Amino acid sequence: MPEPRQERSRTTRRKLIDAAVDCIGEVGWAGTTVALIAQRAGVSRGAAQHHFPTREDLVTAAVEYVGEVQIAEMRRGAEGLPAGRSRIEPVVDLLLNLYTGPMFRAALHLWVAASSDESLRLVLVPLQAKVGREAHRLAVDLLGVDETQPGVRELVQSTLDLARGLGLANLLADDTHRRRRIIRHWARVLGPALPEPEVTSVGH
């Protein structure tokens with residue numbers, strides 16, 4: 001039975017977005033063209049431009065997709081975590097591994113390119129702000145804390161900033177062992193500083 005047109009269209013868009021993330025991560029923004037993305041996705045250039053007329057359109061979709069995937073992976077990883085203080089270290093583990101892998105590599109290429117490309121910066125800054133807000137909100141949910149209490153918001157943001165820094169360190173060499181030590185240490189720092197976590201559901 002032939003695949004319905006709407007489903008074919010969704011499949012093509014997803015292939016293009018996945019290919020865009022791969023290309024940006026491998027050859028950077030300067031080396032990524034619509035033609036290259038189309039070739040990687042196995043579709044014609046015309047089909048690619050039908051869905052995404054410009055690279056910026058494709059980047060918009062790719063950044064949103066990457067953010068959605070990261071948040072969904074975090075929520076799945078948080079299922080079944082213990083309640084109370086014993087929850088803090090596994091949550092820190094999830095958060096400090098948020099900015100790793102090919103998706104973070106692609107995002108980093110875009111950040112660097114946007115620093116000297118005004119058109120890309122105009123597209124990327126609001127998108128990245130949206131993704132950052134969602135990551136912060138999820139971190140608050142996972143830790144089960146009330147960020148209206150003094151210092152809590154800053155601790156959550158510091159955790160995400162630390163995660164980005166560790167993600168950068170991991171780009172050039174495998175930083176797994178040092179990351180594990182930092183996860184344990186940061187969880188010990190957060191434990192006494194955060195209010196007693198509430199039992200929180202992170203599912204939709």
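Is Arg178 buried, partly exposed or exposed, and what is its relative accessible area? Arg178 is partly exposed, at a relative accessible area of 37%. The model is predicted. The protein chain contains nine helices and zero strands, and buried residues account for 41% of its 204 residues.

**Overall architecture**
- Read from the N terminus, the elements of the protein chain follow the order α-α-α-α-α-α-α-α-α.
- The C-alpha trace of the protein chain spans about 55 × 45 × 30 Å along its principal axes.
- Among contacts in the protein chain with a separation of 6 or more, 69% join residues 24 or more positions apart.

**Surface and charge**
- The protein chain exposes about 11,100 Å², and 54% of this area comes from carbon and sulfur atoms.
- There are 26 positive and 25 negative side chains in the protein chain, with the centres of the two sets 3 Å apart.

**Annotated regions**
- An unreviewed UniProt entry lists residues 10–70 as "domain: HTH tetR-type".
- The span of residues 10–70 is 87% helix and 0% strand, and its end C-alpha atoms lie 20 Å apart.
- The UniProt annotation "DNA-binding region", also from an unreviewed entry, covers residues 33–52.
- For residues 33–52, the helix content is 75% and the strand content 0%, with 12 Å between the end C-alpha atoms.

**Salt bridges**
- Side chains of opposite charge can pair when their charged atoms come close.
- The whole structure holds six salt bridges, including the three described here.
- Glu7 and Arg10 form a salt bridge whose closest N and O atoms are 2.5 Å apart.
- Both residues of the Glu7 and Arg10 pair belong to helix α1 (residues 5–31), where they are three residues apart, about one turn of the helix.
- Arg10 is partly exposed at 45% relative accessibility, and Glu7 is partly exposed with a relative accessible area of 32%.
- Asp161 and Arg164 form a salt bridge with 2.9 Å between the closest N and O atoms.
- Asp161 and Arg164 are three residues apart in helix α8, about one turn of the helix, and Asp161 is partly exposed with a relative accessible area of 42%.
- Asp175 forms a salt bridge with Arg178, the closest N and O atoms lying 3.0 Å apart.
- Asp175 counts as buried because its relative accessibility of 11% falls under the 20% cut-off, whereas its partner Arg178 is partly exposed.

**Thr159**
- Thr159 is located in helix α8 (residues 152–172).
- Thr159 is buried, with a relative accessible area of 1%.
- Leaving aside residues up to four places away in sequence, Thr159 touches Leu95, Leu96, Trp186 and Leu190.

Technical notes: Residues numbered from 1 in each chain as written. Predicted model: local features only at pLDDT ≥ 70, side-chain atom pairs only at ≥ 80, totals over all residues. Heavy atoms only, no water. Helix = DSSP H or I, 4+ residues; strand = E, 2+ residues; numbered from the N terminus. Buried < 20%, exposed > 50% of the residue type's maximum accessible area, 1.4 Å probe, protein only. Contact = heavy atoms within 4.5 Å. UniProt positions renumbered as here; feature names shortened; annotations may be inferred. Areas by Shrake-Rupley, 256 points an atom, 1.4 Å probe, with all protein chains shown as cover. Lys, Arg positive; Asp, Glu negative; His and termini not counted. Charge placed at Lys NZ, Arg CZ, Asp CG, Glu CD. Salt bridge = Lys/Arg side-chain N within 4 Å of Asp/Glu carboxyl O.
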